Amino acid sequence: MTESQIMVITGTSRGIGRGLAEHFCRKGYRVVGCSRSAATVEHPNYHHSQVDVTDEKQVQSWVRMIRTEFGKADVLVCNVGLVKSSLLTAMTPGKLLEEFLHTNISATFYVCREISKLMVLKRQGRIVNIASIMANLHEPGTSAYASTKAAVIEFSKVLAKEVAPTGVTCNVLSPSLVETESSNDFGADWKARMLEMQTIKRLATIEELAHSIQFFAA
């Protein structure tokens, strides 16, 4: 890997996205990140844009900038996602469902669609989409969150078949519980319950996620 490798990461203002951006900047990647808020990563290898990735036109404009400024995208990590209070299906308002749909699946779809065009033209590239272990645990109260993350998994499988003939790969990573600002907002009891459902009953680290992404990117 050389310093000319361009890694695009969404949702880099906090949590997993910020941790991944900092990790891969240290590893020599030129990281192009985005979030709706201002940059929180300070590194000479980091380039930030304020983008709402649920907005199709903003995504298209951002990717045009990437093509103009950097000429390519070697790796894409679609990390942006919405984590909110768990509500039983009967108590979940339509507005909240729409938020999950737009943030977890629409944003992933738009970014993958536009970045994959750059990769297909170069006939090389690595896409890693971030889903969640909750898509497999069927925990009551997570119907909106888990179903949209499951949609990310199925979308990734289809995209992988579409781009494979051009030398581009698409994989999906479903982390277990990672300590972030969002997960801490749910409190200690919720965290203990989530860990109890896992086979390995400890928090995953951002470094571990980064190593998995590095494998997919290799």
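**Buried rings and a helix pair**

Let me start with F24, which at 0% relative accessibility counts as buried, and I should say at once that what we are looking at is a predicted model. The partner of F24 is Y29, and the two rings form an edge-to-face aromatic pair, with 5.4 Å from centre to centre and 90° between the planes. Y29 is likewise buried, since its relative accessible area is 1%, and the cut-off for buried is under 20%.

A second edge-to-face pair joins F100 and Y145, whose ring centres are 6.1 Å apart and whose planes stand at 70°. This pair links distant parts of the chain, because F100 belongs to helix 3 while Y145 belongs to helix 5, residues 143–163, and 45 residues separate them. Both rings belong to buried residues, F100 with a relative accessible area of 3% and Y145 with one of 17%. Altogether the count comes to 5 aromatic pairs, and ring pairs also link F109, Y110 and F155 into a cluster.

Y110 brings me to the helices, as this residue of helix 3 is among those that meet helix 2. The axes of helix 2, residues 56–70, and helix 3, residues 94–122, come within 9 Å and cross at roughly 25°. Angles under 35 degrees count as roughly parallel, so helix 2 is roughly parallel to helix 3, and the crossing is right-handed. On the helix 2 side the contact includes W62, V63 and I66, and on the helix 3 side it includes V111, I115 and L118. By class, this contact has 9 nonpolar, 1 polar and 4 charged residues.

Terms used:
Residues numbered from 1 in each chain as written. Predicted model: local features only at pLDDT ≥ 70, side-chain atom pairs only at ≥ 80, totals over all residues. Heavy atoms only, no water. Axes fitted to C-alpha atoms, helices over the stretch in contact; angles between N-to-C directions. Helix = DSSP H or I, 4+ residues; strand = E, 2+ residues; numbered from the N terminus. Parallel < 35°, antiparallel > 145°, perpendicular 65-115°, else oblique. Left-handed = near helix turned anticlockwise from the far one by under 90°. Contact = heavy atoms within 4.5 Å. Nonpolar A, V, L, I, M, F, W, Y, C, P; charged D, E, K, R; others polar. Phe/Tyr/Trp six-rings, centres within 6.5 Å; stacked < 30°, edge-to-face > 60°. Buried < 20%, exposed > 50% of the residue type's maximum accessible area, 1.4 Å probe, protein only.
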